[in-house]
Amino acid sequence: MAENDLLIRAARCEATERTPVWMMRQAGRFLPEYRAVRAKHSFLEMCYTPELVVEVTLQPVDLIGVDAAIIFSDILVVFPGMGLDLDFQSGKGPVIGNPVSSAHDVDALAIPDPEVSMGYVMESHRLLRRELAGRVPLIGFAGAPFTLASYAIEGGSTRDFQRCKAFMFNEPAAWDALMTKFAKTVTAYLCAQIDAGAQVLQLFDSWVGAVAPRDYAASVLPYTKMVLDGVKAYDSSVPLIHFANGATSMLDLVQQAGGDVIGLDWRLDMAHAVERIAPRFAIQGNIDPVTLFANEEVIDAKVGEILAAVGTRPGHIFNLGHGISKETDPARAKHFIASVKEQSAQVRGARA
Ligand code: CP3
C-alpha cells in the first residue's frame with residue numbers, strides 16, 4: 001500500500017492533493033469493536049498492554065479510513081510515575097487518590113524517566129510503526145501543564161476549577177514549581193515518544209479555556225511554551241499540534257505559546273480563524289463533533305463550509321472541534337471522513 005504522509009505535509013504547510021482528516025478520541029467508545037475489547041479489560045489495563053493499544057489504535061484506521069493513527073493512551077498516564085495515584089471509575093472518570101493541595105505536596109512529586117515509568121507507551125509506538133508500515137502517520141500526545149495541574153489539584157474532573165485556580169492565585173511559588181514539574185515531565189515524555197517512533201505530536205490543553213486571558217499569559221503560557229520549545233529544540237522535524245480547547249478568545253496568546261499547528265475547537269468560525277492565525281502555522285479543525293449526529297446532507301454541507309473558508313491556504317488538517325461523542329454512529333463518522341476526502345480533493349486537487 002502507498003504511503004500516506006498527507007498529515008505530515010499539511011502540518012508543515014506544504015501543498016497536499018487533498019486535506020488530511022482524523023478525529024480526536026477516534027480510538028474509543030463510539031466503535032463497537034473498541035467496546036468489545038473494553039468489555040474484557042479495564043481502561044488502564046488496556047493502556048498498559050501494548051498488544052491491546054495496537055489493536056484499538058488501528059481500529060479507526062481500518063474501519064473509518066482516517067489519515068492518521070493516534071496512539072491509544074491517556075494524558076493522565078504520567079501521574080503514577082510522578083507519585084499521583086490514578087484510577088478510572090465507571091461513571092466518574094479519572095480519580096486521583098492523593099491530590100495536590102500544598103507546596104509540600106508539590107515538592108514530593110517526581111519527574112519520571114519516561115522509559116521507566118511509561119515504557120509501555122514507547123513499546124506501543126514501536127509496535128505500531130511496524131504494523132502501520134507507512135499506511136498513515138502515527139500521532140503521539142501528552143496533556144499540557146495546566147490541564148494536568150487541574151486533574152492533580154482537583155483530584156478528578158471538575159466544572160468550575162475552583163481548587164485549581166485558587167491554588168494558582170494563592171500559591172504562586174508552589175504553582176510555579178508544579179507547572180515546571182509538569183512541563184519537564186511532559187517534555188521528556190514527548191521526546192521519548194519521538195525516539196520510539198511518533199511522527200507527529202499533539203499537546204492537549206483541554207481545559208485551558210477556564211482561565212482568563214491575563215492569567216493564561218502570566219501563569220500558564222510560559223509552561224506550555226517551555227514544553228513546545230523544548231520538544232522543538234530536541235527534534236525540529238516532528239510537527240507539534242497545539243490544541244487549546246475553549247481558548248479562541250485568546251488565540252494571539254495561544255500562538256505565542258507555540259507549536260506548528262494550531263488546533264481549534266468549533267466555537268470560532270473558520271473564516272475568522274484563517275484571518276487570526278499567522279501564516280506560519282497550519283490549522284487543525286474544527287467541525288462541531290455533534291454535526292456527526294446530523295444527516296449526511298448536513299454533514300456534507302458543513303464540511304464544505306469549512307473547506308471553503310480555508311480555501312487553498314496551505315496547511316489544513318481537518319478534525320472535529322473536540323473529541324468524538326461516544327454515541328456517534330460509526331457509519332456517520334465514516335461518511336464524514338469520506339466527505340472531507342472527496343470535497344477537499346476538488347478544492348485542492350485542481351491546484352496541486
Ligand atoms: O484520541 C484518541 O483516540 C486517543 C485516545 C485518548 C484517550 N484520552 C482515550 C480515553 C486521548 C487522546 C485522551 C486524552 C485525554 N484524556 C484528554 C484530553 C483530550 C480531550 O478530550 O480534550 C483528557 C481530558 C483525558 C482525561 C480523561 N480520560 C477523562 C476525563 C476520561 C473520562 C471520560 C469519560 O467520558 O468517561 C478519560 C477516559 C478515556 N480516555 C476513555 C478513552 C477511550 C474512556 C475510557 C473507557 O473506555 O471507559
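These notebook entries record what I looked up in a predicted model.

**Entry 1: the sheet**

I began with the strand order. Seven strands form an open sheet, and I read their order as β1-β4-β5-β6-β7-β8-β9, with parallel pairing. I noted β1 (69-70) and β9 (316-317) as the edge strands, since each of them pairs on one side only.

I then followed the pairing from β4 towards β7. Strand β4 (residues 138-143) runs parallel to strand β5 (residues 200-205), and five bridges connect the two. Within this pair, I found phenylalanine 141 opposite glutamine 202 of β5. Strand β5 is in turn joined to β6 by five bridges, again in the parallel sense. Here I took down aspartate 205, whose bridge partner in β6 is alanine 244. Between β6 and strand β7 (residues 261-263) I recorded three bridges, also parallel. Isoleucine 241 has valine 261 of β7 as its bridge partner.

**Entry 2: strand β6**

I asked how many residues of strand β6 (residues 240-244) are buried. The count is five of five, and the strand is mostly covered. I next checked which way the side chains point. Leu240, His242 and Ala244 face one way, while Ile241 and Phe243 face the other. Residues on both sides are buried.

**Entry 3: the nonpolar core**

I looked up the largest nonpolar core, which has 128 residues. The members that touch the most other members are Met23, Phe79, Trp175, Tyr216 and Phe336. Helix α11 (residues 172-196) supplies the largest share of this core, with 13 residues. As background, I note that nonpolar side chains tend to be buried together in soluble globular proteins.

I took tyrosine 216 as a case to follow. Setting aside neighbours within four places in sequence, I listed its contacts as Val208, Val211, Leu221, Pro222, His242, Met250, Leu253, Val254 and Ala257. One of these, His242, I had already met as a buried residue of β6.

**Entry 4: methionine 122**

Is methionine 122 buried or exposed? I find it buried, because its relative accessibility is 0%, and the cut-off for buried is under 20%. Methionine 122 belongs to helix α8 (residues 119-132). Beyond neighbours within four places in sequence, its contacts are Pro114, Glu115, Tyr189, Ala192, Gln193 and Ala196. I also recorded the C-alpha separation from glutamine 193, which is 6.0 Å, although the two residues stand 71 apart in sequence.

**Entry 5: cysteines**

How many disulfides does a search of the whole structure find? I obtained zero. I then looked up two cysteines individually. Cysteine 47 has a relative accessibility of 2% and therefore counts as buried. Cysteine 164 is likewise buried, with a relative accessible area of 0%.

**Entry 6: the ligand**

I closed with the surroundings of the ligand. I counted 25 residues around the ligand, and the closest are Arg25, Tyr34, Asp74, Ser206 and His322.

I checked three polar contacts, each to an oxygen atom of the ligand:

- Arginine 25 places a backbone N or O atom 2.7 Å from a ligand oxygen atom.
- Glutamine 26 also uses a backbone N or O atom, at 3.1 Å from an oxygen atom of the ligand.
- Serine 206 contributes a side-chain N or O atom, which lies 2.4 Å from an oxygen atom of the ligand.

Technical notes
Residues are numbered from 1 along each chain as its sequence is written. This is a predicted model: local features need pLDDT of at least 70, side-chain atom pairs count only at pLDDT 80 or more; totals for chains, interfaces and linings use all residues. Side-chain values use heavy atoms; hydrogens and water are left out. A nonpolar core is a set of buried Ala, Val, Leu, Ile, Met, Phe, Trp, Tyr and Cys residues joined through side-chain atoms within 4.5 Å. Buried means under 20% relative accessible area, exposed over 50%, partly exposed in between (1.4 Å probe, protein chains only). Helices (H or I, at least four residues) and strands (E, at least two) are DSSP runs, numbered from the N terminus. Contact means heavy atoms within 4.5 Å. A disulfide is a pair of cysteine sulfur atoms within 2.5 Å. Two strands pair if DSSP finds at least two bridges between them. A residue is near a molecule or strand if one of its heavy atoms lies within 4 Å of it. A polar contact is a pair of N or O atoms within 3.5 Å; within protein, one must be able to donate a hydrogen and the other to accept it, and residues adjacent in sequence count only if both atoms are side-chain atoms.
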